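Visitor: I have a model open and would like to learn how to read it. Could you take me through a few features, one at a time?

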4 protein chains.
Amino acid sequence: MARKIRMGMVGGGEGSFIASIHRMAARLDDSIELVAGCFSRQHPKSIQMGQQLGLESARCYASYEQMFEAEAALPADKRIEFVSIVTPNHMHFPVAKAALLAGFNVLSDKPATTSLEQAIALQQLVQQQQLHYGLTHTYAAYPLVRQARQMIAQGKLGTVRRISVSYPQGWLADSADTQASAQASWRTDPERSGESGCFADIGTHAFHLLEYVSGLQVMEIAADLVTQVKDRLLDDDGAAMLRLTNGARATLMASQACTGLGNNLQISIYGDRASLYWQQEQPNQLWLQRRGEPQQLWTAGADCDYLDVAVRDLCRTPAGHPEGYIEAFANLYRDFALLVRNGEQLDDGLSIDAAVRGMAFIRAALLSSQNNASWVSVDPLALQKQID
Amino acid sequence: MARKIRMGMVGGGEGSFIASIHRMAARLDDSIELVAGCFSRQHPKSIQMGQQLGLESARCYASYEQMFEAEAALPADKRIEFVSIVTPNHMHFPVAKAALLAGFNVLSDKPATTSLEQAIALQQLVQQQQLHYGLTHTYAAYPLVRQARQMIAQGKLGTVRRISVSYPQGWLADSADTQASAQASWRTDPERSGESGCFADIGTHAFHLLEYVSGLQVMEIAADLVTQVKDRLLDDDGAAMLRLTNGARATLMASQACTGLGNNLQISIYGDRASLYWQQEQPNQLWLQRRGEPQQLWTAGADCDYLDVAVRDLCRTPAGHPEGYIEAFANLYRDFALLVRNGEQLDDGLSIDAAVRGMAFIRAALLSSQNNASWVSVDPLALQKQID
Amino acid sequence: MARKIRMGMVGGGEGSFIASIHRMAARLDDSIELVAGCFSRQHPKSIQMGQQLGLESARCYASYEQMFEAEAALPADKRIEFVSIVTPNHMHFPVAKAALLAGFNVLSDKPATTSLEQAIALQQLVQQQQLHYGLTHTYAAYPLVRQARQMIAQGKLGTVRRISVSYPQGWLADSADTQASAQASWRTDPERSGESGCFADIGTHAFHLLEYVSGLQVMEIAADLVTQVKDRLLDDDGAAMLRLTNGARATLMASQACTGLGNNLQISIYGDRASLYWQQEQPNQLWLQRRGEPQQLWTAGADCDYLDVAVRDLCRTPAGHPEGYIEAFANLYRDFALLVRNGEQLDDGLSIDAAVRGMAFIRAALLSSQNNASWVSVDPLALQKQID
Amino acid sequence: MARKIRMGMVGGGEGSFIASIHRMAARLDDSIELVAGCFSRQHPKSIQMGQQLGLESARCYASYEQMFEAEAALPADKRIEFVSIVTPNHMHFPVAKAALLAGFNVLSDKPATTSLEQAIALQQLVQQQQLHYGLTHTYAAYPLVRQARQMIAQGKLGTVRRISVSYPQGWLADSADTQASAQASWRTDPERSGESGCFADIGTHAFHLLEYVSGLQVMEIAADLVTQVKDRLLDDDGAAMLRLTNGARATLMASQACTGLGNNLQISIYGDRASLYWQQEQPNQLWLQRRGEPQQLWTAGADCDYLDVAVRDLCRTPAGHPEGYIEAFANLYRDFALLVRNGEQLDDGLSIDAAVRGMAFIRAALLSSQNNASWVSVDPLALQKQID
């Protein structure tokens with residue numbers, strides 16, 4: 001392995017679940033080194049966190065603006081090579097924008113922004129700055145999700161006819177949950193989460209998985225969003241019907257009010273030659289259904305010769321040694337390191353274009369829902385014009 | 001066990017899958033005796049089939065009209081006590097009507113009729129004739145479906161918020177399937193199946209399961225029906241969003257074009273206190289999800305003391321001895337025999353009222369789909385007026 | 001379907017679980033008619049039960065001796081054609097013997113006898129009388145068990161190397177269970193169950209499944225039987241290592257003291273080309289593992305073209321319509337009816353020879369266990385000599 | 001987080017699967033820093049590997065003897081604090097011995113040694129040197145395995161009656177496999193693997209899991225080891241019956257000749273109050289069976305309040321975010337770092353005492369198998385005397 005890529009992090013102070021996942025993911029394959037960060041707006045806290053992470057105090061900053069300025073002033077072989085953004089949602093855009101303007105590549109937690117307009121602006125900025133931008137759509141980095149995508153791209157399912165994707169969670173099922181944690185608090189706050197709650201937070205994952213695996217795009221959506229828990233200001237539950245580019249149909253459900261459910265993202269893709277099923281809570285299993293044949297259970301594993309070579313490379317262990325969420329995240333970091341170091345192309349599912357589509361999905365879902373679930377186009381430009 | 005109830009059958013000639021299931025179900029518990037039938041419009045064929053089933057030739061009829069007339073003329077202790085209808089869909093209504101008019105109780109395969117108008121007419125006739133009518137919604141007769149219903153009725157799920165029900169099948173996924181069997185042929189023929197194909201055939205099962213288990217009614221529906229397979233005249237695939245009486249939301253998917261799928265009816269019910277999951281292909285398992293507790297796997301079994309007494313009575317074996325589709329069907333027959341013999345009330349999920357709701361669902365789904373998935377009320381009377 | 005075969009039943013009075021299963025199984029396919037029985041040694045009770053089952057009082061007998069005598073005296077076209085034995089274990093042999101001597105075919109619940117000597121005597125009697133004898137090894141009548149057997153016979157697994165079979169139940173896990181039911185009471189009573197408890201009751205099922213599916217025979221056994229529950233007189237738990245004819249090895253576990261378990265008979269067969277896994281509680285699923293390929297999930301179903309024709313004939317429904325324990329039992333009855341009516345050969349797994357092997361297994365397991373789990377041959381003749 | 005513990009590694013050159021897992025595990029939680037290593041006996045290769053891992057060349061050694069000498073000569077705040085041993089099995093003992101004698105703590109891949117005598121010698125050395133020794137029994141570091149152990153220790157299962165543990169793998173199922181990889185090659189070579197093949201390699205895992213989870217010890221064993229694949233010199237398959245300290249019984253199966261199987265370690269523990277089931281390939285699921293209650297599915301997750309606090313601390317993600325094999329390994333490294341830094345007690349399942357028991361198990365299994373599966377004590381001292 002060659003030298004480690006130098007990473008700076010924005011966000012991820014004490015108690016941030018997702019930031020600790022990002023850091024574990026960045027460490028796992030030894031291809032990235034955390035060298036700078038702004039972990040809190042309070043400088044002492046930022047320094048304290050940085051020290052815990054083995055950083056020099058001088059590179060623990062009090063603001064991201066200051067960080068980008070100071071790092072840009074460092075010699076090229078010392079300064080950070082990319083910025084990992086793990087703040088609450090509303091800060092993703094301003095931080096990414098500032099990072100790109102300061103000349104840094106960006107790997108951002110999702111969603112890319114809190115509005116479609118921001119996403120389009122970010123897309124333009126990425127193109128203009130000729131820098132790398134990646135969005136951590138974790139679920140698209142599971143080996144068997146990539147395998148599913150390959151199989152569909154290779155025509156193993158024939159024409160895709162219908163997709164069912166659903167994402168029930170239960171962690172916000174009670175009204176008491178709203179204030180029970182920092183994560184819940186900002187996700188249910190329009191100021192910090194944007195115009196949507198559940199659909200922005202996890203509906204986008206379901207939408208992304210659908211487009212990513214199928215290779216199709218959603219043309220229009222009819223959505224019915226709901227706030228199930230009293231006194232909440234944003235949607236915490238909803239469903240939609242979708243029409244896809246090739247005429248295929250889909251349903252999408254996302255909810256954070258499903259009592260007792262964990263993180264049960266799942267997808268069925270029905271084609272005219274075969275069908276597939278995958279479930280995030282059993283990520284090492286992919287079911288293939290073919291007419292007149294026994295069902296097949298495809299398994300992740302570095303030694304599974306029936307998997308695509310690129311998929312096997314995403315597995316660190318042979319079949320039977322379960323890998324999971326952190327490893328999927330680590331796949332994203334490893335790929336981004338390879339992009340930064342060698343210019344190896346990042347999977348397009350993680351690009352700013354996918355990010356724009358995600359924001360278009362949220363916008364279209366909201367518009368449709370406000371209009372009694374009438375059909376709304378998911379085309380980003382059409383949606384933007386509609387607003388202007 | 002008391003004496004056997006005398007049954008006459010209409011339909012169910014050579015090669016009818018569903019009729020052989022009905023007969024096995026009727027036999028299983030020894031409470032019913034098949035004594036008459038019209039198995040074919042060709043008298044010799046009807047006689048041949050009847051003889052195979054152990055009937056006297058004299059009671060193997062060439063038409064249902066003739067059968068009802070002849071049976072009605074027999075002494076009360078000899079003539080049939082109810083009619084089992086297992087014809088193709090378009091004959092369910094005329095046969096049921098004639099049977100009721102002739103004074104016979106009716107147990108009909110679903111759907112009750114091929115139009116809402118017929119269903120309403122049948123409903124009136126049932127009330128007027130003061131006879132028993134039952135519809136064989138098999139899936140509602142699985143022990144754990146009844147258990148789920150009980151648990152929801154008892155408030156164990158709290159307020160139901162969202163339901164996902166889907167019913168993917170694959171047996172009509174190819175265009176060649178349309179003519180591959182008698183079953184396929186009439187199901188895809190508007191003359192014999194009615195105004196809808198897939199939604200009438202299995203969408204109604206999904207709809208019924210949803211209303212039956214939840215105890216809620218669907219208020220309105222936005223449906224998007226599709227014909228996936230070329231040259232087919234009726235819908236073979238579709239999905240809908242639903243709004244329920246208590247404000248809960250639901251999605252419903254039904255398809256016969258899902259390559260490789262068997263008969264995978266499944267339902268998730270999410271409440272504010274707990275959630276449930278059940279799948280027809282694993283009918284002896286019911287999953288209960290409660291917040292902060294391990295998931296519970298409820299099992300069918302006559303010895304499962306944690307099940308409702310009425311549910312245990314639907315089990316013929318102790319836990320660990322799998323029962324299935326035929327046993328569920330037999331539960332329907334046994335219950336109908338008890339109704340005829342002792343006047344024991346039939347489960348209301350199998351009543352003519354539920355049948356009317358099923359036809360209202362089909363009608364509303366079609367109307368909505370024809371109108372680009374706009375919302376349509378599922379109220380039978382409102383729908384009827386809309387037509388008039 | 002041709003005329004029904006006339007059956008007489010011995011045993012199966014009020015409250016007998018297994019007898020009601022036998023009767024449902026006999027009824028299901030309409031190929032058998034119950035016309036006589038001795039359901040209790042108390043004549044009034046026998047009559048009462050028979051009447052409930054629709055029999056003439058005259059053919060409800062007070063003893064099996066009387067029944068065989070009276071039935072034998074009836075005209076050939078009226079008398080019973082076979083006897084179904086559903087008594088407690090200790091009566092299987094005397095009833096079967098008397099039936100055969102009276103000229104009747106026998107279908108017996110297992111075990112065939114309560115000792116090896118009786119089994120050998122019965123084997124000789126069957127041969128001498130030139131009558132049909134069948135043993136209801138239910139689990140061998142599941143479609144996918146037959147499929148597994150076929151696949152192994154066809155060499156799809158290559159050489160079988162190792163088999164794991166286990167049968168944990170929990171219904172006798174407490175000392176209070178011993179007297180909690182009639183079933184428990186006689187199974188734990190040396191007078192009525194024979195020299196073994198658990199191994200005779202369910203160990204034989206595991207042993208039979210092993211030999212039946214693999215087509216191999218067990219050469220020798222080292223067994224360690226235990227009485228886990230205080231004050232019980234027979235084994236209620238045990239395990240064994242086995243060596244098979246081709247040098248393959250196996251382990252067998254059977255227990256009725258596994259708290260919370262249902263009826264979890266399961267078997268893994270490992271070959272040098274592929275492996276198989278089947279579990280009774282999920283009888284419609286058979287797992288095939290091949291090197292370097294996705295696992296395959298084979299499903300039962302009359303329409304599963306990848307199954308053997310003979311296996312499909314054991315399925316009454318298409319894939320996705322679960323069948324279970326009663327249907328497996330019905331397969332046995334249907335096959336026995338075909339044997340009696342048409343002389344169609346019965347599956348050899350249900351023959352008196354298999355019954356003798358089952359008793360040899362029990363005897364060998366007991367001998368081994370009494371001798372600190374030393375190796376004992378399972379050859380019936382060798383074992384018999386050892387005693388003599 | 002406090003400072004990182006300095007680690008030296010012996011073994012783990014190019015292509016070593018298990019070494020790369022050890023290094024990922026050591027990195028994951030940022031509590032350990034790899035600073036020195038002997039990755040190959042060829043100095044240039046060792047240096048090359050070390051450089052890839054970010055080490056100074058000066059601390060990439062050509063032999064472990066040289067490494068220990070040189071590191072011991074470094075200042076206390078620079079030299080390694082523990083040695084991670086990831087060599088082939090036959091080198092575990094000499095390296096561990098040399099490390100301990102040089103004053104270094106040791107974390108060793110399993111098995112600890114290749115003979116019982118070595119294990120006892122190592123045990124004495126550990127005690128004498130007052131240093132820390134840990135064995136990486138990965139499977140004992142899965143959160144739900146720890147939970148199972150807790151539940152049994154707390155009496156939730158009552159008295160353990162029977163345990164079934166089996167470990168079927170298929171990666172050595174063909175004779176061609178023997179030379180197909182370095183891993184296979186040394187595992188099947190008596191010179192490098194020791195006196196046993198499969199039982200030493202994975203039988204020990206099964207044995208360890210059994211003793212670890214149950215809290216019981218195996219008293220005696222009757223084992224039947226086999227070489228299934230032609231021309232192989234060591235056992236590649238086998239089974240055993242076990243008798244435990246409290247009178248409980250167990251069966252153990254381990255095989256590397258099970259075609260098509262992955263890494264399917266699984267254990268059932270049957271108690272007189274409840275039973276448990278866990279399977280390595282689904283490590284985030286633990287099944288609890290209680291009499292008269294629905295089965296419970298316990299799930300791993302940092303937010304699962306029903307888990308023991310110590311178990312939750314082993315989870316890095318909330319329920320529904322799968323963790324796996326690497327995370328289990330990382331738990332071992334994190335715990336060992338805490339031991340070295342803070343003296344926090346290591347889980348006793350990973351101690352040298354457990355290692356000695358593992359070697360006693362192998363020895364006893366071999367002795368038993370050589371003596372036609374007669375019973376052999378698993379007491380290390382008794383076994384040692386037997387040899388002397």
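Guide: Sure, polar contacts to start: a pair of N or O atoms within 3.5 Å, where within protein one must be able to donate a hydrogen and the other to accept it, and residues adjacent in sequence count only if both atoms are side-chain atoms. Here, a polar atom of the S40(C) side chain sits 3.0 Å from the backbone nitrogen of Q42(C). Keep in mind that this is a predicted model, where local features need pLDDT of at least 70, side-chain atom pairs count only at pLDDT 80 or more, and totals for chains, interfaces and linings use all residues. Residues are numbered from 1 along each chain as its sequence is written, chains are lettered from A and ligands numbered from 1 in the order in which they are written, and side-chain values use heavy atoms, with hydrogens and water left out.

Visitor: Where is the place of S40(C)?

Guide: Helices (H or I, at least four residues) and strands (E, at least two) are DSSP runs, numbered from the N terminus. S40(C) is in the loop between β2 (32–38) and α2 (43–52) of chain C.

Visitor: Is S40(C) buried or exposed?

Guide: Buried means under 20% relative accessible area, exposed over 50%, partly exposed in between (1.4 Å probe, protein chains only). S40(C) has 17%, so it counts as buried.

Visitor: Which residues is S40(C) in contact with, leaving aside neighbours within four places in sequence?

Guide: Contact means heavy atoms within 4.5 Å. On that basis S40(C) touches K45(C), S46(C), Y61(C) and A62(C).

Visitor: Now a helix: which residues of α4 in chain D are buried?

Guide: The general idea is that an α-helix has 3.6 residues a turn, so residues three or four places apart point the same way. In α4 (residues 89–101) of chain D, the buried ones are N89(D), M91(D), H92(D), F93(D), V95(D), A96(D), A99(D) and L100(D). Just after α4(D), G103(D) has a positive phi of about 95°.

Visitor: And what about H22(B), buried or exposed?

Guide: H22(B) is part of helix α1 (residues 17–28) of chain B. Its relative accessible area is 0%, so H22(B) is buried. Beyond neighbours within four places in sequence, H22(B) has contacts that include D109(B), F329(B) and Y333(B).

Visitor: Last one: how many helices and strands does chain A have?

Guide: Chain A has 13 helices and 14 strands. Of its 388 residues, 66% are buried. Its C-alpha atoms fill a box of roughly 65 × 50 × 40 Å along the principal axes.
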